[in-house]
Amino acid sequence: MWLFRRKGPSGFSACNTAEEVTHGIDGTNLTAIVTGASRGIGSETARVLALRGVHVFMGVRNLAAGRDVKEAILKETPAAKVDVMELDLSSMASVRKFASEFNSLGLPLNILM
């Protein structure tokens, strides 16, 4: 267990949460795409980025699950900017469609996760 408590050069360890790591960061002028955002680490990443003011685009295979995550994020952070878009990374046609739709919005892409 001592190994997991050891802090690295950043001052954080495996025991720190994403909220702790991003504390004090203002992402209001940033745009992020988070793939796999309908569950697990992807949904947690989307939640914390939205909490910090980042405009989050959730790339998900299951739109219903993605909408559920979006609703949960908005319940916690009503001012969050979160959009759900269909994306299946195993399909190049889906990736191209997602990229085309995102590009048509004219937004910068600052973070890709």
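User: How many Å apart are the mean positions of the positive and negative charges of the chain?

Analyst: Keep in mind that this is a predicted model. The chain carries 13 positive and 11 negative charges. Take the mean position of each set, and the two points are separated by 5 Å.

User: What order do the helices and strands of the chain run in, from the N terminus on?

Analyst: There are 5 helices and 4 strands to place. Going along the chain from the N terminus, they read α-α-β-α-β-α-β-α-β.

User: Among contacts between residues at least 6 apart in sequence, what percentage join residues at least 24 apart?

Analyst: Some background on the chain helps here: its C-alpha atoms fill a box of roughly 45 × 30 × 25 Å along the principal axes, and 33% of the 113 residues count as buried. For contacts between residues at least 6 apart in sequence, the share joining residues at least 24 apart is 60%.

User: Which residues have the most contacts inside the largest nonpolar core?

Analyst: That core has 14 residues. Strand 1 (31-35), helix 3, strand 2 and helix 4 (63-76) each put in at least two of them. Methionine 58 touches, among others, Val34, Ala46, Val69 and Ile73, leaving aside neighbours within four places in sequence. The residues with the most contacts inside the core are Val56, Met58 and Ile73.

User: And the second, separate core: how many residues does it have?

Analyst: Its members include Ile33, Phe57, Met85 and Phe98. Phe57 counts as buried because its relative accessibility is 2%, under the 20% cut-off. The size of this second core is 6 residues.

User: How is the aromatic pair of phenylalanine 57 and phenylalanine 102 arranged: stacked, tilted or edge-to-face?

Analyst: The structure holds 1 aromatic pair. Its rings sit 5.2 Å apart centre to centre, with 90 degrees between the planes. Planes over 60 degrees apart get the third label, so phenylalanine 57 and phenylalanine 102 are edge-to-face.

User: Which elements does that pair link?

Analyst: The two residues are 45 apart in sequence, so to speak distant parts of the chain. Phenylalanine 102, buried with a relative accessible area of 4%, belongs to helix 5 (residues 92-104). Phenylalanine 57 belongs to strand 2 (residues 55-60), and the pair therefore links strand 2 and helix 5.

User: Is arginine 47 buried or exposed?

Analyst: Arginine 47 is in helix 3 (residues 40-51). Not counting residues up to four places away in sequence, arginine 47 touches Glu19, Ile73 and Glu76. Its relative accessibility is 16%, and the cut-off is under 20%, so arginine 47 counts as buried.

Definitions and conventions:
Residues are numbered from 1 along each chain as its sequence is written. This is a predicted model: local features need pLDDT of at least 70, side-chain atom pairs count only at pLDDT 80 or more; totals for chains, interfaces and linings use all residues. Side-chain values use heavy atoms; hydrogens and water are left out. Buried means under 20% relative accessible area, exposed over 50%, partly exposed in between (1.4 Å probe, protein chains only). Contact means heavy atoms within 4.5 Å. Lys and Arg count as positive and Asp and Glu as negative; His and the chain ends are not counted. The place of a charge is taken as NZ of Lys, CZ of Arg, CG of Asp or CD of Glu. Rings of Phe, Tyr and Trp (its six-membered ring) pair if their centres lie within 6.5 Å; planes under 30 degrees apart count as stacked, over 60 as edge-to-face and the rest as tilted. A nonpolar core is a set of buried Ala, Val, Leu, Ile, Met, Phe, Trp, Tyr and Cys residues joined through side-chain atoms within 4.5 Å.
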